[in-house]
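Good morning, everyone, and thank you for making time for this. Please open the sequence and the structure side by side, and I will walk through them slowly, beginning with a single residue and working outwards.

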Amino acid sequence: PKNLIRHLFHFVVSLKQKQKRPVVVEAPYSELLAAAKNGQITKALVNAYSCIFHNSSNNLSYRVIFPFQSSAFQTELLQLLTQGGCTNISALPDSWTSSLATPAVMAMPFVYLALLYKMMTKIH
């Protein structure tokens, strides 16, 4: 059994080493605007908080975190991307941590009360 677990572990590690993710470089918002105006963006993944785009001039992918969120801002960004010739625009899914944040915050008072109850019952 130990050899089986060891071989399985090495197999999983070797698979992870083979699956290299493309490098995404952090960039300022001004770089996104400049690349969009110059028509250098070939693909863009956009969500409410950030954008990942591929710059055709240097063949790199960049990630930009938006300085603020508003519907007018999103509309302006999409117009700028389409005017610059970017036709491959997709929705970037939210991270799993942001999707878990709301239920975790909502559960905090109940966890606190449960721990308080357990502590109070141990005292008596």
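Let me begin with Ser 50, which, leaving aside residues up to four places away in sequence, touches Leu 45, Arg 63, Val 64, Ile 65, Phe 66 and Leu 92. Before going further I should say that what you are looking at is a predicted model, so please keep that in mind throughout.

Where does Ser 50 sit in the fold? Its place is in strand β3, and in β4 its bridge partner is Ile 65, a residue that also appears in the list of contacts I have just read out. Is Ser 50 buried or exposed? Its relative accessible area is 4%, and because anything under 20% counts as buried, Ser 50 is a buried residue.

That pairing takes us to the strands. β3 and β4 run antiparallel to each other and are held in register over 6 bridges, and besides the pair I have mentioned, Ile 52 has Arg 63 in β4 as its bridge partner. The two strands form a hairpin with 4 residues between them, and in the loop between β3 and β4 you will find Asn 59. This residue deserves a pause, since its phi is near 60 degrees, which is a positive value in a residue other than glycine. As a general background, most residues other than glycine have a negative phi. Asn 59 also counts as exposed, at 58% relative accessibility.

On its other side, β3 pairs with β2, and here 5 bridges join the two strands, which run antiparallel. Lys 43 stands opposite His 54 in β3, while Ile 41 has Asn 55 in β3 as its bridge partner. A hairpin joins β2 to β3 as well, this time through 3 residues.

Two further pairings are parallel. Strand β1, residues 24-26, is joined to β4 by 3 bridges, and these strands run parallel, with Val 25 standing opposite Tyr 62 in β4. β2 and strand β5, residues 88-91, pair in the parallel sense over 4 bridges, and there the bridge partner of Ala 44 is Ile 89 in β5.

Now let us turn to the interior. The largest nonpolar core has 18 residues, and those with the most contacts inside it are Leu 32, Ile 41, Ala 44, Phe 53, Phe 66 and Leu 81. The elements that give two or more residues to this core are α2 (29-37), β2 (41-46), β3 (50-55), β4 (60-65) and α3 (71-83). In soluble globular proteins, nonpolar side chains tend to be buried together.

Leu 32 is a good residue to look at here. Leu 32 lies in helix α2 and is buried, with a relative accessible area of 0%. Not counting residues up to four places away in sequence, Leu 32 touches Ile 41, Cys 51, Phe 53, Val 64, Phe 66 and Leu 77. If you would like a distance to check, the C-alpha atoms of Leu 32 and Leu 78, which are 46 residues apart along the chain, are separated by 12 Å.

Phe 53 gives us another view of the same region, and with the same sequence neighbours left out, its contacts include Glu 31, Leu 32, Ala 35, Ile 41, Lys 43, Ala 44 and Leu 60.

Finally, I would like to show you the largest pocket, which has a volume of about 150 Å³. Which residues are closest to its centre? Of the 10 residues that line this pocket, they are Asn 47, Ser 50, Arg 63, Pro 93 and Ser 95, so that Ser 50, buried as it is, brings us back to where we began. The lining divides into 4 nonpolar, 4 polar and 2 charged residues.

Pro 93, another of these residues, has its place in the loop between β5 and α4 (96-123), and Pro 93 is exposed, with a relative accessible area of 64%. Pro 93 and Ser 71 are 22 residues apart in sequence and 17 Å apart in space, taken from C-alpha to C-alpha. Thank you for listening.

Definitions and conventions. Residues are numbered from 1 along each chain as its sequence is written. This is a predicted model: local features need pLDDT of at least 70, side-chain atom pairs count only at pLDDT 80 or more; totals for chains, interfaces and linings use all residues. Side-chain values use heavy atoms; hydrogens and water are left out. A nonpolar core is a set of buried Ala, Val, Leu, Ile, Met, Phe, Trp, Tyr and Cys residues joined through side-chain atoms within 4.5 Å. Buried means under 20% relative accessible area, exposed over 50%, partly exposed in between (1.4 Å probe, protein chains only). Contact means heavy atoms within 4.5 Å. Two strands pair if DSSP finds at least two bridges between them. On a 1 Å grid over the protein atoms alone, a cavity is a set of points where a 1.4 Å probe fits but cannot get out, and a pocket is an open set with protein on both sides within 12 Å along at least five of seven lines; lining residues have an atom within 4 Å of a point. Grid points are joined across faces, edges and corners, and a volume is the space filled by probe spheres set on the points. Ala, Val, Leu, Ile, Met, Phe, Trp, Tyr, Cys and Pro count as nonpolar, Asp, Glu, Lys and Arg as charged, and the others, Gly among them, as polar.
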